[in-house]
Amino acid sequence: MEEENVVRPHQEIAALSLEEKKYLLAVERGDVATTRRILEKAEAESHININCVDPLGRSALLMAIDNENLEMVELLINHRVDTKDALLHAISEEFVEAVEVLLDHEDSSHKTGDPHSWEALPPDTATFTPDITPLILAAHRDNYEIIKILLDRGATLPMPHDVRCGCDDCVTSRQEDSLRHSRSRINAYRALASPSLVALSSKDPILTAFELSWELRRLSFLEHEFKNEYQELRRQCQDFATALLDHTRSSHELEVLLNHDPTGPAFEHGDRMHLNRLKLAVKLRQKKVGRRASWPAKHPKHISASIFMTVN
C-alpha cells in the first residue's frame with residue numbers, strides 16, 4: 001500500500017502553480033532577467049517552490065544545464081536551488097563550465113561526513129545508479145577536460161573487488177541484487193578503460209593498458225552475462241596501446257618504448273635490446289600491439305630483426 005504523504009512525480013507536476021509554470025518557462029527560454037525577478041520575489045515571499053519540476057521531471061537547474069546556459073546555472077545556484085544530482089547531469093552533457101561551478105558549490109556547501117549532493121537522492125528517484133560517481137561518469141564519456149578537473153580536485157577510482165571477493169560488502173551486495181552488483185563492476189571497468197583516464201592517471205599508460213586488458217580477458221570468462229562488454233573493453237585497451245605506439249616519432253623513441261623496464265635503468269641507444277615491453281605484450285596476449293610493433297615499415301632493420309626473434 002502506498003504511503004499517503006509520498007509525492008509522486010505526476011502529483012508534483014499537477015500541483016504546479018501558474019507562477020511556477022512562468023518560472024520554469026523563463027528558465028527554459030533562457031530569460032535571465034525574468035528568472036532573477038521571480039527568484040528574488042520567491043526569496044522575499046516564498047510564493048513558489050524554486051525546486052519544482054516540469055512535466056519531464058526536470059528542475060530549473062537541469063533545464064539550464066540541458067540548454068548549456070552558464071549564466072542561468074550560476075543564478076540558480078546563487079539563489080540556493082537544490083543541486084541534487086545536477087553535477088552528474090552536467091558531466092553527462094559534457095558541460096565543462098557548469099561542472100566547475102557545481103564543484104565549487106559542492107566544496108563550499110558540503111559538510112565532512114555527510115553524503116555528497118548526488119549521493120543523497122533516494123535510489124527510486126535518482127537518474128543514476130548509486131555506483132556512478134562523477135569520475136566514473138566522466139570516464140564513461142571519455143572527456144579529457146572533465147576527468148582532469150576531477151583528478152586535480154582529488155577524485156580517485158579504485159580497482160573493483162575481485163569477482164569472487166567474499167568481503168561483507170560484496171556478499172551483501174550480491175544477495176540484495178546480483179545483477180546490479182555485476183553491473184556496478186562493469187561500470188567501474190568501463191571507466192578504468194577510458195583512454196583519457198589512463199593517460200591522465202597512470203605513470204606508465206602502456207603497462208596499465210596491458211594489465212587492464214589481461215584482467216578484462218579474465219573477467220570475460222567469469223562474468224558470462226557481460227562477456228561481450230568485457231571483450232569490447234579489452235579491444236579498447238589494446239587499441240589505446242597501439243595508438244601510443246604509433247605516436248613514436250623516431251627509431252630511438254621506439255627503441256626506448258619497446259625496451260622499457262620500470263625496474264631497471266633507462267634504455268640508451270646502443271644498448272642490447274631486450275624488448276621487455278614487447279615480451280610483456282606477448283605474454284599478456286596483446287596481439288594488436290605485437291602485430292603493430294612487427295610492422296617492418298616502421299622500424300630500422302636492427303629493430304625489425306630483434307622484434308622478429310621476440311614475437312616468433
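This passage walks through the fold of a predicted model, from the whole chain down to one helix and one annotated repeat.

In this predicted model, local features need pLDDT of at least 70 and side-chain atom pairs count only at pLDDT 80 or more, while totals for chains, interfaces and linings use all residues. Numbering runs from 1 along each chain as its sequence is written, and side-chain values use heavy atoms, with hydrogens and water left out.

The protein has 18 helices and zero strands; both are DSSP runs numbered from the N terminus, with helices (H or I) needing at least four residues and strands (E) at least two. Of the 312 residues, 41% are buried, meaning under 20% relative accessible area with a 1.4 Å probe, protein chains only. Contacts (heavy atoms within 4.5 Å) often span the sequence: among those between residues at least 6 apart, 67% join residues at least 24 apart.

As for confidence, pLDDT (the predictor's confidence in each residue, from 0 to 100) averages 85, and 84% of residues reach 70 or more. Over residues 295-312 it is below 50, with 32 contacts beyond near neighbours in sequence. Where pLDDT is low, the predicted coordinates should not be read in detail.

Helix 13 takes up residues 205-222 and reaches 26 Å from first C-alpha to last, close to the expected 26 Å, which is 1.5 Å times one less than its number of residues. Its buried residues include Leu 207, Phe 210, Glu 215 and Arg 217.

Finally, an unreviewed UniProt entry annotates residues 130-162 as "repeat: ANK"; such annotations may be inferred rather than shown by experiment. That stretch is 52% helix and 0% strand, with its end C-alpha atoms 19 Å apart.

Definitions and conventions:
Buried < 20%, exposed > 50% of the residue type's maximum accessible area, 1.4 Å probe, protein only.
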